[in-house]
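Visitor: Please take one part of this model and look at it closely, beginning with the charged side chains that pair up and going on to the pocket.

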Amino acid sequence: MFQATVKEGTTGVIVNLTVEDRDDPATGAWRAVYTIINGNPGQSFEIHTNPKNNEGMLSVVKPLDCEISAFHTLLIKVENEDPLVPDVAYGTSSTATVQITVLDVNEGPIFHPNPMTVSKQENIPIGSVVFTVNATDPDKLQHQTIR
């Protein structure tokens, strides 16, 4: 079981998963291959192996939005790069669960639509309304006003 915390809107490595393999280092029997097998429908996460220490580097590759989902649970599988010898008595892979908490960040208001196109005839009276703008705050969990 691994846990990670990430601020919404950011990308990059959020946790390193460790694995123990007693085969000779730097061989295909030692090198680990990590795969996300569940919990990544939007392809927001990727995992790669650090070739120096065999750790799985779990990264956010598409910024997360706390207002959409504040928690993610991934199931990660790890196996050797080289296939195991046939008919061995132990499993060919291992799994781990990673629980990710997305921290809310104060985001600025968003105009609707964006961009806006406005057309008015020339010589309209002073004080006339040219257009009315509409904006919303994506931070639904933070009660704020827009001005």
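**Charged pairs and the largest pocket**

Guide: Glu79 is partly exposed, with a relative accessible area of 28%, where partly exposed lies between buried (under 20%) and exposed (over 50%), computed with a 1.4 Å probe and protein chains only. The model is a predicted one, in which local features need pLDDT of at least 70 and side-chain atom pairs count only at pLDDT 80 or more, while totals for chains, interfaces and linings use all residues. Residues are numbered from 1 along each chain as its sequence is written, and side-chain values use heavy atoms, with hydrogens and water left out.

The side chain of Glu79 meets that of Lys77 in a salt bridge, at 3.7 Å from N to O; the term requires a side-chain nitrogen of Lys or Arg within 4 Å of a carboxyl oxygen of Asp or Glu. Its partner Lys77 is likewise partly exposed, with a relative accessible area of 24%. Searching the whole structure gives 2 salt bridges, and another pairing of this kind joins the side chains of Glu81 and Arg31, at 3.0 Å from N to O. This pair links distant parts of the chain, since Glu81 sits in the loop between β6 and β7 whereas Arg31 sits in the loop between β2 (12-17) and β3, 50 residues apart. The strands named here are DSSP runs of E, at least two residues long, numbered from the N terminus. Glu81 is partly exposed at 42% relative accessible area, and Arg31 is partly exposed as well, at 29%.

Strand β6 also leads to the largest pocket, as the largest share of its lining, 5 residues, comes from β6. This pocket holds about 530 Å³ of space, a pocket being an open set of points on a 1 Å grid where a 1.4 Å probe fits, with protein on both sides within 12 Å along at least five of seven lines, and lining residues having an atom within 4 Å of a point. Of the 29 residues lining the largest pocket, Val19, Glu20, Asp21, Asn80 and Ser94 are the closest to its centre, and the elements that give two or more residues to the lining are β3 (32-38), β6 (71-80) and β7 (93-103). By residue class, the lining of the largest pocket divides into 14 nonpolar, 7 polar and 8 charged residues, with Asp, Glu, Lys and Arg counted as charged, Ala, Val, Leu, Ile, Met, Phe, Trp, Tyr, Cys and Pro as nonpolar, and the others, Gly among them, as polar.

How values were computed:
Points joined across faces, edges and corners; volume = space filled by probe spheres on them. Helix = DSSP H or I, 4+ residues; strand = E, 2+ residues; numbered from the N terminus.
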